[in-house]
Amino acid sequence: MTDFLWLLVALPLAGAALNLILGKRIGEPRSGWFGFGLIAISFVIGFGASLGFFAGTSNPQTIYLFSWIPAVGADAAILWDPLSALLTMIVTGVGALIHLYSIGYMHGDDRYPRFFAFLNLFIASMMILVLASNFAVMFVGWELVGLSSYLLISFWFTKPEAAAAGKKAFVVNRIGDWGFLVALMLIFMTFGTFDFRTIFENAPAMFGVGAGTITAITLLLFVGAAGKSAQIPLYVWLPDAMEGPTPVSALIHAATMVTAGVFMMARSAVLFELAPVSAGVVAVVGTLTALLAAVIAVAQTDIKRVLAYSTISQLGYMVLGIGVGAYAAGVFHLTTHAMFKALLFLGAGSVIHALANQQDMRKMGALRKAMPITFITMAAAWLAISGMFPFSGFWSKDEVLAAAFARGGAWLILYVIGLGVALITAFYMTRLFAMTFLGSSRWDEGVTPHESPRTMTVPLVVLGLGTVFLGLFNTPARHAFEHFLEPAFSGVEQVEGLSIGLISTLAVVAVIVAIVGIIIGLRRYNTEVLPDETGAFWRRALAAFGVDDLYGRFLVAPGKAVADWWASVVDPKVVDGAVHGIAKGAIGGGERARAVQSGQVRWYAAVVAIGAVALVVFLLVLGGGF
Amino acid sequence: MPVLLLLVGLPLVGALVVGILPKKRPELVFPVSLGASTASLAVALYVLWEFEAGTPALQFIEDLRFSTILDMGWRVGVDGISLFMVVLTAILFPISIAASRSVTDRVKTYMILMLVLEAGVLGVFVALDLLLFFAFFEIVLVPMFMLIRLWGSDNRRYASMKFVLFTAAGSAFLLASIIGLAVMTGAQIGTLASFDIRNVLAIQLSGTAQLLLFLGFAIAFAIKVPLFPFHTWLADAHTEAPTAGSVILAGVLLKMGTYGLLRFNLTLFPEAAVRMAPYLAILGVIGIVYGAAVAIVQPDVKRLIAYSSVSHMGFIVLGMFAFTTQSLQGSVFQMISHGLTTGALFLLVGMIYDRTHTRKIADYGGLATVMPVYAGLFLFAAFASAGLPGLSGFVGEFTILVGSYLSFPVMAIVAGSGVILAAIYLLWAYERVFTGATNPKIEGLKDLDFRELAIMAPLVVLIIGIGVYPKPVMDRVEPSVELILDRIESATTYQVPLVGRSSAVVDIEYGEFDVHEGGEG
């Protein structure tokens, strides 16, 4: 089966090309089904090739395809291990459901085939990123993912906000990519190769724990990860990315694409193990991001923006997991989050669809009866993200927090903050759920909500099942998930497990926290009249504490002023002026000559004559030389 | 068969035929011109096909001495570096000629100039005789000047004049240096002078002589590249030139500068090159950041692309003077890639200019709704230019950066910020021209027709082709680059970093886990 893994890239790429070129001929809905079919086949291939890892009979292997850039020893090759297998299944599995959902959701759009072309391109890019056997090829996928997200966010480019949001996402990501790029330069200088296995096998022998080189490399990698996985200070592109078609591209920016940074750091676990300082930075930034985004999410009124900030917050948990050295736990949360966040976005899309493109939660409410399937599946996702036992989010979030707890010492601060974030999360998700499905109806006049078509509800149900049961694969009693991933983290010491008693205590604390958050939320929002939310805190949090403005005022504006100054003063006056001056001095009266329209040839001759003079000088100077 | 004579001669023959075409048959001008440049392309492809990879040796050598006492003559040949410059030139000319359908004024003269220009550029890249090189280098100047002067837009007088003055000033230094070098070579082999580059390569030069000659060549080439701060002619010339002029200017004329640096400055004066390398590399890095920043705020699409060229050419110079096998290969690759991507951008700007006669970004808006295919191609070219992986620009810039880091880490890091700036200027321009509500002024424009698509198709295929599979190019470039580095190493105390070089590459075996020892940390 592994012989066919290259198809995971080739199939979606072919789909993208065909839909791009022949999309108009293929037409709606065939182009959608075509795109979906290719991703479904990809999932089957990926699943089939993973069977050996489930059974524990396969070893990781590298599959060589072709030599890409020989100058830097970068080969197009696939590293097939449990980590890439897992991500393959998430990306193609969730991806296939997105495609299926979009067949109905994008119905009637002028550029329907193009949308599927971009979706396919996105999957192909993710697969390059995930399957890469070296940093250089991973960077290729990394950048192509940025391209596809740009195309999807600005899909409705006639809306200026959508076009601006796409550009912002790409540019902010490229700031992170700069860090990644510098990391790559340093990696090549240090190891003479980009190959994962060579690097990870040699690094521990070459460097002691805390070595400066590895610390630098890992910090730079984290800069890249902070871009893609929306961490402080580069998270600002993600909320704007909600301008993409509702909610499909949003889902990409929630369930799959943004996990790329977490995946990249998990892949580089060996290096982070050698760099405790970097790991500490990663953990702290992750925790703070989780906290900040959760607080902002509390005050949002647009249902998609709540989910966007909640994504940033949950990514913070995953990053915290990497930082505390609980790589498998971080990846486990990535997996469950992919399920329940995909579900939340598709559910939100279903709601928005039903209310004639209404995204303001203050104009929702009481949708429970009108949309039963959406309601029930969303309920599962709500409880999962709130950390309710026994839903998937409970198990994975708990793993991350328990790992922070187990490190003890100053790490306990991170644990406490993480627990606080869990409380806030339960609260704002309850707010979202109650404002949407419970309480009184506040719909615009003339709107009659209805359940969505089958292509949209089937993905909801599939993801709902995953949301409910996925967590059971990795309970503290039976770490099936961690065992599955073990070969990918060979050579990495996982955090020591806690005793079952202590784990149970932590779990009980976590569930209490979740229940408290939910109860507060229900009491406040499961009401006939919504509470007044116009106070200072609510206004500031709604405006995301003005971070965008700060960036605009202190980074963008000065940067543009410098560019303007260079373009309008330095270049024409200083640089060009100097050259003009030299020319004037050398030729004498050059300005006058330029006014003489017919004089060019004479001038040319004059300049060559000066050359001849220079030649004589030259020969005189060099006279001693021969 | 004198293949290279055919290569250079065919466009000239074409020019001659166009010249004697009867006035009554104006419809023949275009097919004859296109035919002549396509024939030259066929020869170039033959050279590419027959070229033996894996060796730095000069191939297809033709040696016809005109004068014994001056030791000068028709001496041409190609190595792995000039090979691709020849092919790039031979590809861009038929495309540019095909894109000149909108020229209606004095078509005959226009085509003659284009064909003479082609012969000149091809001559520059194959010449192995210094005087021959200089002759071609100068021949190029005249038709380019006329193209800008006669077919340019509003400010063409100023632009063409500036172009000539800048380049001619550089030529003066070049001529002086060439004669000086030839005389010194002649003195050592017993003739009055010798322009044969193979003889020149063999002589010993004092340190001072090397430095002076290096500077003489460097000034001429730096103006051509153009390297900061000699770039101000470029924005005007690019902007005012007709479409084909911009394409050729950016696509191949600028490469004459970087090619010259590689062929003469690095090869002939290794000692001086090592001494001057940091300064030139710094100018390259300044160009990268400065050019990109200035590009961001340009109100004119063509000026924007012109300044982006300053940025991209900066990468090439940085890689060249970082003296590592990776950075040099990257530089040569980037020369090819920049020709394709910037050529594509200028062609596209020309296509819209033909329709609207404005290059002002502010005159557009929402163009993607009106011309979706055009918008898609423009976005493709923009991302290719911004170094998106999978396309040609990435391979060049990435290899340059990784390689340059080994010699000049800080400069490579600063240069890396160019990837951010490139995303800003290209995507912001795209946003303002193509997205949002459609500007009423551009309503109803026709999307690209078959001819225009056919013009773009080869560039798109090549940009993807060498971006995904650059190996065939790299395999031919590498030996020539290694030879230059070998010369530098044997002539100076400079040691090329071993990292990733064939002797130091860590052996990687596929399909099984095996532990590797060491590395060079």
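Before you click on anything, one term: a residue is buried when its relative accessible area is under 20%, exposed when it is over 50%, and partly exposed in between, using a 1.4 Å probe and the protein chains only. A:Asn357 is a good test case: its relative accessible area is 60%, so it is exposed.

This is a predicted model, in which local features need pLDDT of at least 70, side-chain atom pairs count only at pLDDT 80 or more, and totals for chains, interfaces and linings use all residues. Residues are numbered from 1 along each chain as its sequence is written, chains are lettered from A and ligands numbered from 1 in the order in which they are written, and side-chain values use heavy atoms, with hydrogens and water left out.

**Stop 1: chain A as a whole**

Select chain A and colour by secondary structure. You get 25 helices and 4 strands; helices (H or I, at least four residues) and strands (E, at least two) are DSSP runs, numbered from the N terminus. Along its principal axes, the C-alpha trace of chain A spans about 95 × 65 × 55 Å. The radius of gyration of chain A is 28 Å, in agreement with the value near 25 Å for a compact globule of 626 residues. That radius is taken over C-alpha atoms, and the globule rule is 2.2 Å times the number of residues to the power 0.38.

Of the 626 residues in chain A, 62% are buried. Look at contacts too (heavy atoms within 4.5 Å): among those in chain A with a separation of 6 or more, 80% come from residues 24 or more positions apart.

**Stop 2: the hairpin in chain A**

Now select residues 61–69 and 74–80 of chain A. These are strands S1(A) and S2(A), which pair in the antiparallel sense over 7 bridges; strands count as paired if DSSP finds at least two bridges between them. Pick out A:Thr62 and you'll find it opposite A:Leu79 in S2(A). The hairpin has 4 residues between its strands, and A:Gly73 there takes a positive phi near 65°.

Is S2(A) mostly covered or mostly open? Mostly covered: 7 of its 7 residues are buried. Show the side chains and you'll see A:Ala74, A:Ala76, A:Ile78 and A:Trp80 pointing one way, with A:Asp75, A:Ala77 and A:Leu79 pointing the other.

**Stop 3: unusual backbone spots**

Most residues other than glycine have a negative phi, and most peptide bonds are trans. Keep that in mind for the next few selections.

Go to A:Pro233, in the loop between helix H8 (212–228) and helix H9 (237–240) of chain A. A cis peptide bond joins A:Ile232 to A:Pro233, with omega at about 5°. Then jump to A:Pro390, in the loop between helix H16 (372–385) and helix H17 (392–407) of chain A. Here the cis bond is between A:Phe389 and A:Pro390, and omega is about 0°.

Where does A:Ala356 sit? Look in the loop between helix H15 (327–354) and H16 of chain A. Its phi is near 55°, a positive value in a residue other than glycine. A:Ala356 has 56% relative accessibility and counts as exposed. A:Asn357, our test case, lies in the loop between H15 and H16 as well, and has a positive phi near 65°.

**Stop 4: a long helix-to-helix view**

Select A:Val516, in helix H21 (residues 500–525) of chain A. A:Val516 is partly exposed, at 38% relative accessibility. Draw a distance from its C-alpha atom to that of A:Gly349, 167 residues apart along the chain, and you get 28 Å.

**Stop 5: over to chain B**

Hide chain A and show chain B, with its 20 helices and 2 strands. Its radius of gyration is 23 Å, close to the 24 Å from the globule rule for 521 residues, so chain B is as compact as a globular protein of that length. The C-alpha atoms of chain B fill a box of roughly 65 × 65 × 45 Å along the principal axes, and 67% of its 521 residues are buried.

For a last selection, take residues 59–67 and 72–78 of chain B. These are S1(B) and S2(B), which run antiparallel and are joined by 6 bridges. What is the bridge partner of B:Glu62 in S2(B)? B:Val76. The two strands form a hairpin with 4 residues between them, and B:Asp71 in the turn has a positive phi of about 45°.
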